[in-house]
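Visitor: Please take a close look at the salt bridges in this structure, and describe the residues that form them and where they sit.

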Amino acid sequence: MDAPELHPALEPIAFLLGRWEGAGVGGYPSIESFRYGQEVVFEHNGKPFLAYESRTWLLDDDGNMVRPLARETGYWRAQPDRQLEVVLAHPTGIVEIYIGEVAFHKIELRSDVVARTATAKEYTAGHRLYGLVEGNLMYAYDMAAEGHPLTSHLSAELKKVA
């Protein structure tokens, strides 16, 4: 079956399409710094959204996988005037809605709504920056959790592999 035609609304974020892999660094006031590997997939089915999935794993000093870390899945919904809505779900009991905008190959997202189950850790806000730099997908993620204000948490460089 042929791939569906890209919905015109997705043109501003079409650069995200594909499978990306790479590594990054993480930390937070309540945890030790760490290195992690990551795979991110953006797909489309012809509708005005991208399906998104991310999985991460802890890396040892030699770059070998130690154990799984976080996962998230969701949808990136293109809006008029290069605006963007992102809906994410986490298996840890957190659901987020981000709003943001696209400027060339840069995306900035801020959480608009955060909902948590009774057993989820305290998490109140997120801020994400994504950018295409020399063909690689770079991103930085700040979060507000466990009583801390928005604080740097993750950053990575991902290379397109498919």
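Guide: Arg-71 is partly exposed in this predicted model, with a relative accessible area of 43%, and Glu-53, at 36% relative accessibility, also counts as partly exposed. The two side chains form a salt bridge in which the closest N and O atoms are 2.6 Å apart. Arg-71 belongs to strand S4 (residues 65-79) and Glu-53 to strand S3 (residues 49-59), so this pair ties together parts of the chain that are 18 residues apart in sequence.

Strand S4 takes part in another such link, since Arg-128 forms a salt bridge with Glu-72, with 2.8 Å between the closest N and O atoms. Here Arg-128 lies in strand S8 (residues 123-133) and Glu-72 in strand S4, so the parts tied together are 56 residues apart in sequence. Both Arg-128 and Glu-72 are buried.

A further salt bridge joins the side chains of Glu-39 and Arg-19, at 3.4 Å from N to O. This pair links distant parts of the chain, with Glu-39 in strand S2 (residues 31-43) and Arg-19 in strand S1 (residues 18-28), 20 residues apart. Glu-39 is buried, with a relative accessible area of 15%, whereas Arg-19 is partly exposed at 28% relative accessibility; the cut-off for buried is under 20%, which is why the two residues are classed as they are. Arg-19 and Glu-39 also belong to a network of salt bridges that includes Glu-21 and Arg-55. By the rule applied here, the count of salt bridges comes to nine.

Key:
Residues numbered from 1 in each chain as written. Predicted model: local features only at pLDDT ≥ 70, side-chain atom pairs only at ≥ 80, totals over all residues. Heavy atoms only, no water. Salt bridge = Lys/Arg side-chain N within 4 Å of Asp/Glu carboxyl O. Helix = DSSP H or I, 4+ residues; strand = E, 2+ residues; numbered from the N terminus. Buried < 20%, exposed > 50% of the residue type's maximum accessible area, 1.4 Å probe, protein only.
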